[in-house]
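Thanks for making time this morning. I would like to walk through one model with you, starting from a term and then moving to the fold, the core and the cross-link.

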Amino acid sequence: MRQGARQLNRSKRLHSLIKAMLAVTLAALPTPTIAADEGTREFRQTKRAIATIEGATDCMLRRNAGQVHAFMATVPGSREEYRISHYMYDRMGHCLSGTVWMSGALIRGVIAELLFNERFPPSTDRPGEVPAANEFGPLSEAMEIGSEYIAGYTFARCLTMAELETVRALVRSPAASVEETRQFAALRPAMSDCVTEGATFSTDRLTLRALLAQAVYQYSRTRDFPITATASQAQTLETAE
């Protein structure tokens, strides 16, 4: 009985994910900017949440790596994502060391960054390669999510296609570091070309990094591992535990 209550509480913590926005707007301006006040309470809370999810993901990769990879192979907002994430979040509760308040995009980004840096070190880079719009795996598929989230993923794919090496360097840099700031500055000239004229969407420095991590990971994964997990494979992963 007590064990069931503890599992329910862990599940509730993960299913109560909310977005802690830092209210930075990327608009169709000549030089859109990314900024984040690193002294704000929201920034510190999000950083702590990311550290918690990083630890939980590392734990999950040891416990059931297949489930994590199957989750990342799903299209954001799809029924398959919901089905696998519901199961994965419940299992991830065993690995959590605290309460987490994060958006799904941030969680996917944290996982993508860990997998990218683990599976695709600089030695795997291919000089001169330019990603195509259809080479981002599940991020190239139609998404059943809000228009603002679609705009964010579209923006991240565009930046990755235009500045692949810079995006790689950013995702490989420590979060909130001088090197990360330098890479964001290097991306700035390409930003205006990646925002549809007259369109706006809100994001923050950490969320944009998460979207870029997803884009560069999915491109790298599709390039080297074109076969994605199917629903039947995901089901097998679930029943195998």
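By buried I mean under 20% relative accessible area, with exposed being over 50% and partly exposed in between, using a 1.4 Å probe and protein chains only. Please keep in mind that this is a predicted model, in which local features need pLDDT of at least 70 and side-chain atom pairs count only at pLDDT 80 or more, while totals for chains, interfaces and linings use all residues. Residues are numbered from 1 along each chain as its sequence is written, and side-chain values use heavy atoms, leaving out hydrogens and water.

Of the 241 residues, 46% count as buried, and the protein has nine helices and two strands, these being DSSP runs numbered from the N terminus (helices H or I, at least four residues; strands E, at least two).

Turning to the interior, the largest nonpolar core, meaning buried Ala, Val, Leu, Ile, Met, Phe, Trp, Tyr and Cys residues joined through side-chain atoms within 4.5 Å, has 52 residues, and Met88, Ile111 and Leu212 have the most contacts inside it. Among the helices that each supply at least two residues of this core are H2 (41–72) and H8 (205–224).

Finally, there is one disulfide, defined as a pair of cysteine sulfur atoms within 2.5 Å, and it joins Cys158 to Cys194 at an S to S distance of 2.1 Å. Cys158 lies in helix H5 and Cys194 in the loop between helix H7 and strand S2, so the pair ties together parts that are 36 residues apart in sequence. The torsion about the S-S bond is about -75°, so this disulfide is left-handed. Cys194 is buried, at a relative accessible area of 11%.
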